[in-house]
Amino acid sequence: ALSYEVSYQIVETKNEVLNENKTYDELAYSASSIEFYVRKAAHMTEYCLLAIAISFPLYVYGVRGIWLILLAGAICVGFAGFEYHQSFVADRGPSVRDVGIDSIGVTAGILLVQAFCWSTLHNPSGKRRRRKRR
């Protein structure tokens with residue numbers, strides 16, 4: 001229900017900005033047609049944030065490069081793969097496709113952490129800066 005409400009807000013805002021003058025039924029149809037994509041984008045975003053929350057501390061503690069990708073990826077994808085709890089919710093169930101979509105978010109989050117940390121901590125000259133003593 002929440003993803004439909006977000007979808008409806010998106011198409012309603014588009015309708016107002018572009019002056020499309022769509023009726024309520026047309027807006028409802030448009031909202032229902034993008035609801036799937038809104039829901040999957042939300043899943044990818046959640047898993048991207050999870051990957052950032054796991055990858056950043058690992059990076060700070062010295063896990064870098066391929067080992068960061070493997071360790072953080074295994075934790076996050078393992079968590080995504082444990083969707084057995086969805087079988088207890090009506091009209092839901094575990095899905096390999098969902099794990100794949102979540103993995104895209106995980107990969108994006110890990111790569112964002114690597115890029116951010118590398119760009120802020122990398123010194124191209126290879127020399128450490130020395131502080132001046134007084």
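**Close-up views of a four-helix predicted model**

Y8 is buried, at a relative accessible area of 14%.

**View A. Tyrosines of helix α1 form a ring pair**. In this predicted model, Y4 and Y8 both belong to helix α1 (residues 2-17) and stand 4 residues apart, about one turn of the helix. Y4 counts as partly exposed because its relative accessibility is 26%, within the range between 20% and 50%. The structure holds 4 aromatic pairs. In the pair formed by Y4 and Y8, the ring centres are 6.3 Å apart and the planes meet at 35°, so the pair is tilted. Ring pairs join Y4 and Y8 with Y24 in a cluster.

**View B. An aromatic pair connects helices α2 and α3**. Y47 and F79 are a tilted pair, with 6.3 Å from centre to centre and 50° between the planes. Because Y47 lies in helix α2 and F79 in helix α3, this pair ties together parts that are 32 residues apart in sequence. Y47 is buried, at 9% relative accessibility, whereas F79 is exposed, at 53%.

**View C. The largest nonpolar core draws on three helices**. This core has 14 residues, and L68, A72, V106 and I110 touch the most other members. Helices α2 (24-60), α3 (66-81) and α4 (96-121) each supply at least two of the core residues. Leaving aside residues up to four places away in sequence, I110 touches A51, S55, L68, I69, A72 and G73.

**View D. Q114 of helix α4 is buried**. The relative accessible area of Q114 is 18%, and therefore the residue counts as buried, the limit being under 20%. Beyond residues up to four places away in sequence, Q114 touches G65, L68 and I69.

**View E. A41 of helix α2 is shown with D102**. A41 is partly exposed, at 35% relative accessibility. The C-alpha atoms of A41 and D102 are 9.2 Å apart in space, although the two residues are 61 positions apart in sequence.

**View F. An arginine lies over a tyrosine ring**. R64 is placed over the face of Y59, at 4.2 Å from the ring centre.

**Context for the views.** The protein chain contains 4 helices and 0 strands, and its elements run α-α-α-α from the N terminus on. Of its 134 residues, 29% count as buried. Among contacts in the chain with a separation of 6 or more, 61% involve residues 24 or more positions apart. The accessible surface of the chain is about 10100 Å², with 62% belonging to carbon and sulfur atoms.

Definitions and conventions
Residues numbered from 1 in each chain as written. Predicted model: local features only at pLDDT ≥ 70, side-chain atom pairs only at ≥ 80, totals over all residues. Heavy atoms only, no water. Core = buried A, V, L, I, M, F, W, Y, C linked by side-chain atoms within 4.5 Å. Buried < 20%, exposed > 50% of the residue type's maximum accessible area, 1.4 Å probe, protein only. Contact = heavy atoms within 4.5 Å. Areas by Shrake-Rupley, 256 points an atom, 1.4 Å probe, with all protein chains shown as cover. Phe/Tyr/Trp six-rings, centres within 6.5 Å; stacked < 30°, edge-to-face > 60°. Lys NZ or Arg CZ within 6 Å of the ring centre and 35° of its normal.
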